Amino acid sequence: MASDSYIQQWTQRPIREILAGMVGTFALIPEVIAFSYIAGVSPAISLFASFVISVSIAIFGGRPGMISGAAGSVALVLAPLVHTHGVQYMLLATLMAGGLQVIFGLLRLHSLMRFVSSEVRTGFVNALAILIFSAQVPQMLGVSWQTHLLIIIGLVIIYLLPRLSKAIPSPLICIVILTAITIIHPMPVRTISDLGALPTGLPELTLPHLPLNAETLAITFPYALAVAAVGLLESLMTASVVDELTDTHSRPQRECTGLGISNIFVGLFGGIAGCGMIGQTVGNLRYGGRGRLSTFTAGAFLLLLMVVLHPWVARVPVAALVAIMIMVSISTFAWSSLKDLFHQPKLTSLVMLVTVGVVVLTHNLAAGVLVGVLLSGLFFAWHTSRLVQVRSTEDHDILTHHIQGQIFFASADLMAEAMAYNTHAHRVTLDLSHAHFWDITAVQTLEKIVEKFRKHGKEVTVCGLDHAQHGILTEQSNEDAFTI
């Protein structure tokens with residue numbers, strides 16, 4: 001059954017898948033080349049890495065239709081290592097990161113993604129759309145008026161052509177038409193060849209030329225761990241976005257191990273580590289890419305363009321790529337989130353905005369998500385702590401405190417503050433039937449409450465304890481602490 005499903009992921013709508021993958025290829029080129037400068041490596045290294053990752057992840061990955069390549073977040077992590085120690089250390093870090101990602105997948109650490117809330121994911125998507133658009137701004141400043149005209153023509157083709165026909169993705173037609181215009185009528189516009197040297201041959205198997213000693217590992221391991229974590233985070237976030245857009249389910253564990261295997265191959269072929277790329281993935285989905293064939297095509301067509309069609313690719317105007325990436329950024333942004341700002345709870349909106357702000361300021365998607373997750377947890381704890389209720393009743397010299405809610409480090413003090421220690425009743429009952437104790441802070445607070453009542457000469461009874469529900473009480477507390 002699983003085998004049939006896997007085969008179907010390769011054979012469904014092959015023509016559409018191939019065309020969508022080709023669009024993904026052209027969406028990869030400008031960003032991959034730009035990110036190579038961030039990392040301090042040649043464009044050839046990043047382009048070959050994107051080819052290897054796309055082909056490998058298509059085979060081993062767990063999310064059909066997702067485009068992976070040399071991404072900016074990983075480039076930011078590796079840039080200091082390359083600048084201080086060189087490319088060979090980067091290759092070793094890539095190999096180690098791939099191995100760590102395989103281990104993370106086998107240990108099912110992908111389950112931590114459940115702690116990333118919806119508002120954080122929305123902030124992640126919106127921030128990425130902003131970064132994609134901002135990356136195009138330098139290509140639109142200080143350029144000729146012909147460049148601006150070509151960008152406008154490209155956007156018109158991309159958005160209007162689908163109203164006439166969707167047989168061929170409009171971005172491909174945009175590239176062909178704009179390239180033809182610049183060849184027939186030469187004009188002062190930048191082309192892909194101006195962005196950096198393109199590879200002219202096939203990637204070769206290589207190994208890092210470094211001594212494998214403790215010093216080398218001490219230098220490389222922190223970067224490898226950061227790359228592994230950032231790469232998995234971005235890939236799993238991208239996969240979750242695809243899940244929402246396609247109403248399907250990915251296989252996160254397989255995606256983790258698949259990305260790790262892919263990065264090991266990348267390191268062996270002299271490339272830089274990569275991960276899922278949400279902008280290119282959204283573009284792939286927009287033009288019908290749903291299966292593994294589109295992912296494979298994005299990498300295979302990239303190699304074809306770089307090696308076989310090298311002279312022609314070099315003549316593609318950057319304006320065409322800018323137009324495509326503007327479309328991708330517009331498609332990526334969750335525009336409905338702007339309306340939701342006025343309808344959702346303020347704290348939810350704040351988490352989304354902070355996530356966007358941190359990513360845009362740091363250009364680090366992982367940092368934004370981490371801050372968003374921490375804020376979400378903080379706000380959840382604060383909200384949950386406010387739900388604790390203590391209702392008091394007094395009958396026949398017995399004061400009963402009915403405690404209800406989730407008792408943990410953020411709400412334990414509220415429970416203690418609700419106690420009436422100076423009551424005239426001689427006996428006090430703490431009813432925990434509708435309360436749940438979660439941590440040692442809650443247990444210690446309960447012990448202090450009992451101790452204070454006894455210091456005031458009260459006889460204390462704790463009732464409503466369920467050994468299954470309140471196991472932490474029976475394990476952490478002294479058996480003589482409570483009268484049950």
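# A guided reading of the predicted model

P208 is in contact with Q88, L91, L92 and L95, when residues up to four places away in sequence are left out of account. This proline belongs to the loop between α8 (170–184) and α9. Its relative accessibility is 18%, and P208 therefore counts as buried, the limit being under 20%. A further residue to locate from here is G267: it stands 59 residues from P208 along the chain, and the C-alpha atoms of the two are separated by 8.4 Å. The structure described here is a predicted model.

From this starting point the view may be widened to the whole protein. The fold contains 20 helices and six strands. Along the principal axes, the C-alpha atoms fill a box of roughly 100 × 55 × 50 Å. The protein has 484 residues, of which 54% count as buried. Among contacts with a separation of 6 or more, 84% are accounted for by residues 24 or more positions apart. The accessible surface comes to about 22,200 Å², and carbon and sulfur atoms hold 65% of that area.

Part of this surface can be examined directly. I152, V156, Y159, L160, I330, W335 and L338 make a nonpolar surface patch of about 630 Å². Which helix gives the most to the nonpolar patch? It is helix α7 (residues 145–164), with four residues. I152 is found in this helix α7.

The charges offer another way through the model. The protein carries 25 positive and 27 negative charges, and the mean positions of the two groups are 12 Å apart. The count of salt bridges comes to three. They may be taken in turn.

One of them joins D243 and R63, whose closest N and O atoms are 2.5 Å apart. This pair links distant parts of the chain, since D243 is in helix α9 and R63 in the loop between α3 (43–60) and β1 (68–69), with the two positions 180 residues apart. Are the two partners buried or exposed? D243 is buried, with a relative accessible area of 17%, and R63 also counts as buried, at 8% relative accessibility.

Another salt bridge is formed by E451 and K455, with a distance of 3.8 Å between the closest N and O atoms. Both residues belong to helix α19 (residues 440–455), and because they are four residues apart there, about one helical turn separates them. E451 is partly exposed, with a relative accessible area of 44%, whereas K455 counts as exposed at 67%.

The remaining pair is R13 and E17, in which the closest N and O atoms lie 3.6 Å apart. The two partners differ in their exposure: R13 has 44% relative accessibility and counts as partly exposed, while E17, at 0%, counts as buried.

R13 deserves a second look on account of its backbone. Its place is in the loop between α1 (2–11) and α2 (14–39), and it has a positive phi of about 40° although it is not a glycine. Most residues other than glycine have a negative phi. D247 shows a positive phi as well, of about 55°, and is likewise not a glycine. This aspartate lies in the loop between α9 and α10 (252–268). With 71% relative accessibility, D247 counts as exposed.

Helix α9, which already supplied D243 to a salt bridge, also holds a residue of another kind. E234 has its place in this helix, which runs over residues 214–246. What, then, is the nearest side chain of opposite charge to E234? It is R121, at a distance of 14 Å. A salt bridge requires a side-chain nitrogen within 4 Å of a carboxyl oxygen, and E234 is accordingly buried yet without a salt bridge. The surroundings of E234 can be named: apart from its neighbours within four places in sequence, this glutamate is in contact with A71, S73, F124, C275, G276 and L365.

Two buried acidic residues of helix α9 can thus be set side by side. D243 is buried and forms a salt bridge with R63, whereas E234 is buried and has none.

Definitions and conventions. Residues are numbered from 1 along each chain as its sequence is written. This is a predicted model: local features need pLDDT of at least 70, side-chain atom pairs count only at pLDDT 80 or more; totals for chains, interfaces and linings use all residues. Side-chain values use heavy atoms; hydrogens and water are left out. Buried means under 20% relative accessible area, exposed over 50%, partly exposed in between (1.4 Å probe, protein chains only). Contact means heavy atoms within 4.5 Å. Accessible areas come from the Shrake-Rupley method with a 1.4 Å probe; for residues, only the protein chains shown count as cover. Lys and Arg count as positive and Asp and Glu as negative; His and the chain ends are not counted. The place of a charge is taken as NZ of Lys, CZ of Arg, CG of Asp or CD of Glu. Patches are made of residues with over 30% relative accessible area and no salt bridge: like charges are joined within 9 Å, nonpolar side chains (Val, Leu, Ile, Met, Phe, Trp, Tyr) within 5 Å.
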